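Got the viewer open? Keep the selection box handy, and we'll walk through a few stops together.

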Amino acid sequence: MIRPRPRFVARAAALLLALTAAAAAAGVRVEIEGLTGDEQDNVRSRLSLRVRAEKETLDPAQVRRLHEQAPDDIRGALQPFGYYEPKIESTLEGSAPDWVARYHVELGAPTRVSVIETKFEGPGSGFDPLEDRLRRIPLKLDERLKHADYEATKKRMSDAALANGFLDAHWAVSELRVQPEKHEAQAILHLETGPRYFFGPVSIEQEGLDPAFVQRYIDIHPGAPFDPQKLLDLQFRLSDLGYFQAVEIDPRRDEADAQRRVPVYVRTTPRPRTRYDFGVGYGTDTGARVSLGTDWRRLNRLGHTINTDFRLSEIKNTLGAKYNIPLGSEPGESLSFNSSIETEKLEDGDTRKYTIGAALNRRPGDWTRKLYVEFAHEESDFGEQFTTADLLTPGLALTRSVADDPIYTRKGWYVFGDVHGALKNALSSTSFLQVRGVARGVYSPLWRLRFIARAEMGWSIVEQFGELPASQRFFAGGDQSVRGYAYQSLGPRDSGGNVVGGKYLSVFSIESEYRVWGNWGAAAFIDAGGAEDDPGPTLNKAVGIGLRYRAPIGSLQLDLAHPLDGDESPIRVHIGVRVGV
């Protein structure tokens, strides 16, 4: 007879006990009544029974203990919203593995702010920029106490002191005195500012560029009040120039002189002098494509640059070069000279364009302004019509954008406007004036949801429309226009049915996008647009759904669009990338 070893018996018993415990493990459903909004969300996140039941397996003893602890969890979660004496009724029903824990909450009378005592003490006392901040604090007398408002008031006071150069500011008194039985709270905040500091000299370590050239972009002046935001702005300004791989700002407070002037040291790491970009891809507006670009970032010590761009695709081919001369004291301001060769297949023809030009790029305020002049020779074939045009076109373009994220925008907008024209016999074969405007916006009411809207309008005044080349005519249809229709397939047609473009353009789109899981999302959209020879073109409409993937380069899009007008195919596939707004 074989007898089991004691160690084996012990292990078997332990395993049997573990399996029994797992079988009796608790599945807990938590129900909370009487709360909504932020209060309910905070209670659910602070309720230990709910949180632990989602992460681990609880035995019956743990369930009962956490259930007894739940009223304290609820009270603690409601205090930040000013409710210190809620009435809580709790019940625990069922048994393992199907527990039901219910909590009915009556908030009771809220605690209100009865006293607000905020002041700056020391050298900053009575300083107008600081006192002005005290007139717009989040805390309000006689309103319900919210701990978030108290913390926001503290932050606003300390941020104001720091932004005005009071680097030694500290709290002399920082108290929130709550009297739950009286439903009253007192906020006492006294900030000792200490002395005020100022900017000292700014020293820059860099190589390859003329020091006087780099100095043009330094907007910190010795003797100005010390402001940390100025340092951050300087870092962005120097980074935006495109010459530096990294920019480090080091204010040396310990080296401040007797006048409390803080020297600032800037250390830079240069980018490689030359950069090459190579890419391959596919888009339904372009077909398969390949691109090659080069940047010569520092041709000389004055920061001149050359950019070249070669793009080859089934639809459009481009070879271009641009020479940039930095101007002024703002990144992006420049005088540029450009040349390009373009060929493009149209819906019912093709076009070839050769361009040379110059542009003055400025940034007055929040806008980017471009004054330009271009001379172009273009040959366009529209089915039955062949057009050769020489155009000298001066123009003005204005751009402005605001976005919380330049790659994947959740809240922001973009506007663009352009006006240009030509005069016959002034190095031009015809006269015309054209205006074009684009507006886009993104809004996210919820974390997973965003709405995207866009509109594009164009107007032309032309002496002889038949003399205008393809680049100065309006077409609609395609990934960036009206989905559901082929690229540039919407517009007036000649007697042979060939699309020849129009004088006016109207395009509109609205889209909702919902992130379903991780970086994956789904979208639904409505597009409408058209191009005609009369104002107010007939709008061709389409509806569709799409798949989205959030990538480092932007939002990758796969759309299925159904046109509602014309004799297009029932479903058209669109593939593209959206970056920013």
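In which helix is the place of T153? Select helix 6 and you'll find T153 there; helices (H or I, at least four residues) and strands (E, at least two) are DSSP runs, numbered from the N terminus. Before going on, note that residues are numbered from 1 along each chain as its sequence is written. This is a predicted model, where local features need pLDDT of at least 70, side-chain atom pairs count only at pLDDT 80 or more, and totals for chains, interfaces and linings use all residues, while side-chain values use heavy atoms and leave out hydrogens and water.

**Stop one: T153 and its sheet**

Stay on T153, which is buried at a relative accessible area of 0% (buried means under 20%, exposed over 50%, partly exposed in between, with a 1.4 Å probe and protein chains only). Show what T153 touches: T118, I137, P138, L139 and L189, leaving out residues up to four places away in sequence (contact means heavy atoms within 4.5 Å). A polar atom of the T153 side chain also sits 2.8 Å from the backbone oxygen of D149.

Now colour all of helix 6, residues 147-163, which lies across strand 4, strand 5 and strand 6 and runs at about 15° to strand 6. Axes here are lines fitted to C-alpha atoms, for helices over the stretch in contact, and angles run from 0 to 180 degrees between N-to-C directions.

Next, pick out the three strands themselves: they make an open sheet in the order 4-6-5, with mixed pairing (two strands pair if DSSP finds at least two bridges between them). Strand 4 (112-121) and strand 5 (170-179) are the edges, each pairing on one side only. From one strand to the next, the twist averages 5°. Zoom in on strand 5 and strand 6 (residues 184-192), which run antiparallel and are joined by nine bridges. Label H170 and you'll see E192 of strand 6 opposite.

**Stop two: two hairpins in a row**

Select strand 14 (residues 334-346) and strand 15 (residues 349-362), an antiparallel pair with 13 bridges. They form a hairpin with two residues between them, and E342 has K353 in strand 15 as its bridge partner.

Add strand 16 (residues 368-382), which runs antiparallel to strand 15 and is joined to it by 14 bridges. I356 has F375 in strand 16 as its bridge partner. Strand 15 and strand 16 form a hairpin with five residues between them, and G365 in the turn has a positive phi of about 70°.

**Stop three: a pocket**

Keep G365 selected and add D240, R363, D366 and S401: these lie nearest the centre of the second largest pocket, which has 14 lining residues. A pocket, on a 1 Å grid over the protein atoms alone, is an open set of points with protein on both sides within 12 Å along at least five of seven lines, and lining residues have an atom within 4 Å of a point. Helix 8 (228-240) and strand 17 (385-403) each supply at least two residues of that lining.

**Last stop: Q434**

Finish in strand 19 (residues 432-443), the place of Q434. Is Q434 buried or exposed? Q434 counts as buried, at 5% relative accessibility. Beyond neighbours within four places in sequence, Q434 has contacts including D418, H420, W459 and F474. To close, select Q472: its backbone oxygen lies 2.9 Å from a polar atom of the Q434 side chain.

How values were computed: A polar contact is a pair of N or O atoms within 3.5 Å; within protein, one must be able to donate a hydrogen and the other to accept it, and residues adjacent in sequence count only if both atoms are side-chain atoms. On a 1 Å grid over the protein atoms alone, a cavity is a set of points where a 1.4 Å probe fits but cannot get out, and a pocket is an open set with protein on both sides within 12 Å along at least five of seven lines; lining residues have an atom within 4 Å of a point.
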